[in-house]
Amino acid sequence: MNGFTTIKEFLTKEECDLLLQFSLTKKLSDATVVNGDLDIRKSNIFFHDYSLDFPNLNEKLIKIFKEEVKVKGYEIDFTDNEFQFTQYTKDGYYNWHTDSDSGLTKERYCSMVIQLNEEYTGGELQIKDVDDNEVTLEKGLGNLFIFYSYLTHRVKPIISGTRYSLVNWFKITPSENLSFFYIYFPA
């Protein structure tokens, strides 16, 4: 178990184009981090409940979660989550960070990133897996990356072009009275 999985071509080019066109009509803000360290991140973001405008997106995600992410004794909870649309322009980046600690009750148990375009160089999404190996995830239009939120990860600096993605998180809630759990990401 490495703590992450990639679903290639989760969204079609047409779906990515529609999401991107819609998102680019919104006002973006400079991204910040909790501790205010300006050297950690350089990107633009906005949050939106995409299920209002793209109900199929949440339906597809929930289907994938049920097929690809197994958590014994827990159910995936993807309610009340707004997506973060993220734009990285030239020299934009997000240094090594985690989205959460390893607690089961956290709002961010697993993170997900949907790649909306490919017209950029640099900007690789990298993860340090559960054994602390550095892995570069495969770039691909419409790819969905799912990983434990406590895994350290980053977006390398953009060399040229602009990188667009949708980011979200899900939590898990107990479904059974079990004293153990597991999560399985197929290879």
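# Close-up views of a predicted strand-rich chain

**Figure 1. Welcome to the whole chain, in which buried residues make up 48% of the 187 residues.** What you see here is a predicted model. Two helices and 17 strands are found along the chain. Among contacts with a separation of 6 or more, 84% join residues that are 24 or more positions apart. The accessible surface amounts to about 9800 Å², and carbon and sulfur atoms hold 49% of that area.

**Figure 2. Here is an open sheet of five strands, paired in the antiparallel sense.** Reading across the sheet, the order is β3-β8-β14-β11-β12. Strands β3 (41–42) and β12 (134–136) stand at the edges with a single partner strand each, so one side of each has no neighbour in the sheet. For β3, a close look shows antiparallel pairing with β8 (residues 93–97) over two bridges. If you would like a residue to start from, find Lys 42, whose bridge partner in β8 is Tyr 93.

**Figure 3. This view turns to the largest pocket, with a volume of about 470 Å³.** Its lining is made up of 28 residues, and the closest to the pocket centre are Arg 41, Tyr 94, His 97, Asp 99 and Arg 108. Which elements give two or more residues to this lining? They are β4 (44–48), β7 (83–88), β8, β9 (110–115), β14 (153–155) and β16 (163–174). Strand β16 provides the largest share, with four residues. Sorted by character, the lining holds 14 nonpolar, nine polar and five charged residues.

**Figure 4. Strand β7, one of the elements in the pocket lining, is shown here with its partners.** Is β7 largely enclosed or open? Six of its six residues are buried, so the rest of the structure largely encloses this strand. In a regular strand, side chains alternate between the two faces of the sheet. Both faces of β7 are covered, with Phe 83, Phe 85 and Gln 87 buried on one side. On the other side, Gln 84, Thr 86 and Tyr 88 are buried as well. The pairing of β7 with β4 is antiparallel and runs over five bridges. One pair to look for joins Phe 47 to its bridge partner in β7, Gln 84. Strand β7 also pairs with β16, again in the antiparallel sense and over five bridges. There, Thr 86 has Ser 165 of β16 as its bridge partner.

**Figure 5. Two buried tyrosines, Tyr 109 and Tyr 120, are the subject of this view.** Tyr 109 sits in the loop between β8 and β9. With a relative accessible area of 5%, Tyr 109 falls under the 20% limit and so counts as buried. Its C-alpha is 9.7 Å from that of Asp 77, a residue 32 positions away in sequence. Tyr 120 belongs to strand β10 (residues 120–122). The relative accessible area of Tyr 120 is 6%, so this residue counts as buried. Which residues does Tyr 120 contact, leaving aside its neighbours within four places in sequence? The contacts are Gln 115, Lys 139, Ile 158, Ser 160, Gly 161, Thr 162 and Arg 163. Among these partners, Ser 160 is 40 residues from Tyr 120 in sequence, yet the two C-alpha atoms are 5.4 Å apart.

**Figure 6. The last view visits two loop residues with positive phi, Glu 9 and Asp 132.** Neither Glu 9 nor Asp 132 is a glycine. Glu 9 has a phi of about 50° and lies in the loop between β1 (4–7) and α1 (13–23). Is Glu 9 buried or exposed? It is exposed, with a relative accessible area of 63%. For Asp 132, phi is about 70°, and the residue lies in the loop that runs between β11 (125–128) and β12. Asp 132 also counts as exposed, at 56% relative accessibility. That loop leads back to the sheet of Figure 2, where β11 and β12 are next to each other in the strand order, and where β12 stands at an edge.

Key:
Residues numbered from 1 in each chain as written. Predicted model: local features only at pLDDT ≥ 70, side-chain atom pairs only at ≥ 80, totals over all residues. Heavy atoms only, no water. Buried < 20%, exposed > 50% of the residue type's maximum accessible area, 1.4 Å probe, protein only. Contact = heavy atoms within 4.5 Å. Areas by Shrake-Rupley, 256 points an atom, 1.4 Å probe, with all protein chains shown as cover. Pairing = 2+ DSSP bridges. 1 Å grid on protein atoms, 1.4 Å probe; cavity = no way out; pocket = protein on both sides within 12 Å on 5 of 7 lines; lining within 4 Å. Points joined across faces, edges and corners; volume = space filled by probe spheres on them. Nonpolar A, V, L, I, M, F, W, Y, C, P; charged D, E, K, R; others polar.
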